[in-house]
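Student: I should like to examine how the terms used for a protein model are justified. May we go through them one at a time?

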Amino acid sequence: MRKVAFTAMVAVVLLGMCGMLAYGQGAAAPAAPTDKAAYWPNSDIQTTWKDLEAKQVINKRVMEGGAYSINIRIVKEGDAPLIHAKSCDVWVVQAGTATAITGGMLANGQKRPNVDDIAGTAITGGVEQALKAGDVLYVPPGVPHGFKDVKGFRAFLIRFDTK
């Protein structure tokens with residue numbers, strides 16, 4: 001069942017997602033519909049990117065599904081690498097470039113408050129993969145991941161609870 005839900009959600013994102021609705025900062029993300037499809041026009045996505053940049057905010061959750069969420073995400077050079085214990089990430093790159101570093105060991109890991117994540121200062125021994133617009137990166141639970149050489153990197157981040 002989870003595999004079907006995951007596949008369906010990724011298909012929606014990759015095939016049908018033209019954008020995300022721009023809701024006011026601080027407002028709770030709207031709940032995922034259960035009885036209809038959702039659509040987000042590209043014009044709203046572009047407005048959201050600009051709003052995030054102007055406010056120097058790196059993430060806006062645009063849909064909350066309980067066990068999954070969809071976020072508009074700006075990655076900045078120096079963002080801490082993470083490990084998610086109970087969730088996987090699907091990054092759908094929309095603009096810019098970065099080098100993803102995945103696997104290996106998280107250095108100086110510290111549990112983050114109020115979430116089941118560990119943040120570190122670096123990843124050692126990881127695999128590096130160049131990313132650009134149109135690429136998709138999947139990170140399963142327990143796998144360290146971070147980014148370097150970040151240049152205008154913008155992505156949809158879809159997160160699923162798996163455990």
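Tutor: The dialogue below concerns this predicted model.

Student: What makes up the chain, in order from the N terminus?

Tutor: Two helices and eleven strands are assigned. Both α elements come before the β elements in the order α-α-β-β-β-β-β-β-β-β-β-β-β.

Student: Why is the set of 16 residues called a nonpolar core?

Tutor: A nonpolar core requires buried residues of listed types, joined through side-chain atoms within 4.5 Å. Trp-49, Ile-70, Ile-72, Phe-156 and Ile-158, which have the most contacts inside the largest core, are of listed types, so the name applies to them. Elements giving two or more residues to this core are α2 (42-55), β1 (59-64), β2 (68-74), β4 (87-102) and β11 (145-161). Another core, of 13 residues, lies apart from it and includes Trp-91, Ala-100, Val-139 and Val-150.

Student: What makes up the lining of the second largest pocket?

Tutor: This pocket holds about 350 Å³ of space. Among its 20 lining residues, Arg-73, Leu-82, Arg-112, Leu-157 and Arg-159 are the closest to its centre. The lining divides into eight nonpolar, five polar and seven charged residues. Arg counts as charged and Leu as nonpolar, so the residues closest to the centre belong to these two classes. The largest share of the lining, five residues, comes from β11.

Student: How many of the residues in the chain, as a percentage, are buried?

Tutor: Of the 163 residues, 37% are buried, that is, under 20% relative accessible area.

Key. Residues are numbered from 1 along each chain as its sequence is written. This is a predicted model: local features need pLDDT of at least 70, side-chain atom pairs count only at pLDDT 80 or more; totals for chains, interfaces and linings use all residues. Side-chain values use heavy atoms; hydrogens and water are left out. Helices (H or I, at least four residues) and strands (E, at least two) are DSSP runs, numbered from the N terminus. Buried means under 20% relative accessible area, exposed over 50%, partly exposed in between (1.4 Å probe, protein chains only). On a 1 Å grid over the protein atoms alone, a cavity is a set of points where a 1.4 Å probe fits but cannot get out, and a pocket is an open set with protein on both sides within 12 Å along at least five of seven lines; lining residues have an atom within 4 Å of a point. Grid points are joined across faces, edges and corners, and a volume is the space filled by probe spheres set on the points.
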